[in-house]
Amino acid sequence: MSEFWLISAPGDKVNLQALERMNTVTSKANLSSNNKFLIPDLKVGTLDALVGLSDELGKLDSFAESVIKKIAQYIGEVMEDSKDKVQENLLANGVDLISYLTRFEWDMAKYPIKQPLKNISEALAKQITQIETDLKSRTAAYNNIKGNLQSLERKTVGNLLTRTLADIVHKEDFVLNSEYLITLLVVVPKSNYAQWQKTYESLSDMVVPRSTKMIAEDAEGGLFTVTLFRKVMDDFKAKARENRFMVREFYFDEKELKCEKEEIMKLASDKKQQYGPLLRWLKVNFSEAFVAWIHVKALRVFVESVLRYGLPVNFQAMLLQPSKKSVKRLRDVLNAVFKHLDEVAAASIMDMSMDIPGLQLSNQEYYPYVYFKIDLSLLDYS
């Protein structure tokens with residue numbers, strides 16, 4: 001199960017014993033696998049500042065999660081031909097996400113702990129915002145090439161009435177540069193081939209005898225050339241339509257056809273050239289954004305623990321990975337073990353309709369202990 005619970009309880013003797021009790025019960029009953037989640041001694045500042053920071057971190061948490069989800073989804077789009085390999089490209093600091101999470105270590109170089117919490121929060125916000133901005137511009141450029149290529153490629157599929165003829169016709173199929181004669185292309189249903197051969201010369205005046213030739217065929221019919229005098233062209237088209245022979249509006253232009261072929265080749269080449277660097281960028285920045293997101297989670301645990309349990313800072317954070325089908329039982333165990341931290345909250349969990357006095361939290365999860373969910377299922381491509 002790719003859901004994790006990041007919790008914390010006070011670090012005094014009574015609560016450390018409660019954590020031990022929780023570890024014993026959950027491992028015996030196989031309710032979850034638990035790891036210590038180490039958060040360094042950060043600078044607290046004032047409690048007023050912490051209250052404001054708590055709200056900001058909540059928004060930053062959601063924003064960071066949305067950015068890593070976008071990157072993961074886009075990696076899936078870019079790796080369209082090997083979607084089964086997407087998961088192995090979603091790494092954090094070179095290891096799989098669960099390993100990174102369960103062995104989390106604060107990055108002291110990137111986020112020095114001597115600075116105020118607000119500065120760390122702002123640095124994380126700036127980093128994630130920059131990644132999102134770059135993602136938008138890079139994906140727009142790639143999508144543009146991909147979209148143009150797809151629309152040109154779409155023209156090469158379909159039946160002979162609708163598809164491009166650039167890859168079918170040749171110069172020698174046409175009478176060109178004639179003041180009087182023109183070669184038309186006619187789509188004839190398979191069942192009407194014999195009728196076409198018998199009647200095309202008499203559909204109008206001035207049709208060149210024996211000028212028809214089939215130059216392409218698909219499941220529904222064939223594409224035939226026919227040469228006639230320009231001045232009877234409209235009459236020929238009308239008579240052809242009456243006989244279920246459809247004249248394509250196509251006039252041979254060597255330059256135009258060459259441009260169309262070259263455009264497809266150029267776009268395919270551009271897409272191929274961009275693929276490698278784009279995928280590398282996505283992988284590097286997925287890792288950066290994911291690492292930043294988990295640091296935001298760590299900050300949230302720190303701030304909420306100080307606000308909930310008071311000063312001096314003394315709490316123990318734990319990362320729990322609930323076993324499948326054991327979520328409710330695990331929640332019951334945690335509530336029983338930690339209900340002494342907030343009797344009102346513990347009681348209200350039994351009666352979810354009851355609001356907790358002084359806390360406007362009826363719309364979100366609130367427990368006697370500090371709790372944040374980390375949901376990796378949004379990145380599940382297996």
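## How the long helices line up

Are α2 and α8 roughly parallel or antiparallel to each other? In this predicted model, the two helices pack at an angle of about 155 degrees, with their axes 8 Å apart. Angles over 145 degrees count as roughly antiparallel, and α2 and α8 are therefore roughly antiparallel to each other. On the way, α2 passes α8 in a left-handed crossing. Sort the residues of that contact by type and you get 26 nonpolar, three polar and six charged.

Now bring in α5. Helix α2 covers residues 47-78, and its packing angle with α5 is about 25 degrees, the axes lying 10 Å apart. That is under the 35 degrees used as the cut-off for roughly parallel, so α2 and α5 are roughly parallel to each other. The crossing of α2 and α5 is left-handed, and the contact is made up of 17 nonpolar, four polar and six charged residues.

The remaining pairing here is α5 (residues 117-154) with α8 (residues 254-309), which pack at about 160 degrees with axes 9 Å apart. These helices are therefore roughly antiparallel to each other. Their crossing is left-handed, and 24 nonpolar, six polar and seven charged residues make up the contact.

## The sheet built from β1, β2, β9 and β10

One open sheet has four strands in the order β2-β9-β1-β10, with antiparallel pairing. On the outside sit β2 (32-36) and β10 (370-375), each pairing on one side only. From one strand to its neighbour, the direction turns by 25 degrees on average, if you ignore which way the strands run.

Take a look at β1 (residues 3-10), joined to β10 by six bridges, with the two strands running antiparallel. Ser 8 stands opposite Val 370 in β10. Helix α8 turns up again here: α8 packs on the sheet and touches β1, β9 and β10, and its direction makes about 165 degrees with that of β10. Helix α1 (residues 13-28) also meets these strands, lying across β1, β2 and β9 (315-322) and running at about 15 degrees to β9.

## The sheet built from β5 to β8

A further open sheet of four strands follows the order β6-β7-β5-β8, and the pairing is antiparallel. Its edges are β6 (213-217) and β8 (246-248); each has a single partner strand, so one side of each is left without a neighbour in the sheet. Neighbouring strands are turned by 35 degrees against each other on average, direction ignored.

Which strand does β7 meet through nine bridges? That would be β5: residues 181-189 of β5 pair with residues 221-229 of β7, running antiparallel. Val 188 has Gly 222 in β7 as its bridge partner. Gly 222 is also the bridge partner of Glu 217. As for β6, four bridges join this strand to β7, again antiparallel, and the two form a hairpin with three residues between them.

## How far to trust it

The mean pLDDT of the chain is 89, and 93% of the residues reach 70 or more. Which stretch should you be wary of, with pLDDT under 50 throughout? Residues 353-363 fit that description, and the model has nine contacts for them beyond four places in sequence. Where pLDDT is low, the predicted coordinates should not be read in detail.

How values were computed
Residues are numbered from 1 along each chain as its sequence is written. This is a predicted model: local features need pLDDT of at least 70, side-chain atom pairs count only at pLDDT 80 or more; totals for chains, interfaces and linings use all residues. Side-chain values use heavy atoms; hydrogens and water are left out. pLDDT is the predictor's confidence in each residue, from 0 to 100. Contact means heavy atoms within 4.5 Å. Axes are lines fitted to C-alpha atoms, for helices over the stretch in contact, and angles run from 0 to 180 degrees between N-to-C directions. Angles under 35 degrees count as roughly parallel, over 145 as roughly antiparallel, 65 to 115 as roughly perpendicular and the rest as oblique. A crossing is left-handed if the near helix is turned anticlockwise from the far one by less than a right angle, and right-handed if clockwise. Ala, Val, Leu, Ile, Met, Phe, Trp, Tyr, Cys and Pro count as nonpolar, Asp, Glu, Lys and Arg as charged, and the others, Gly among them, as polar. Two strands pair if DSSP finds at least two bridges between them.
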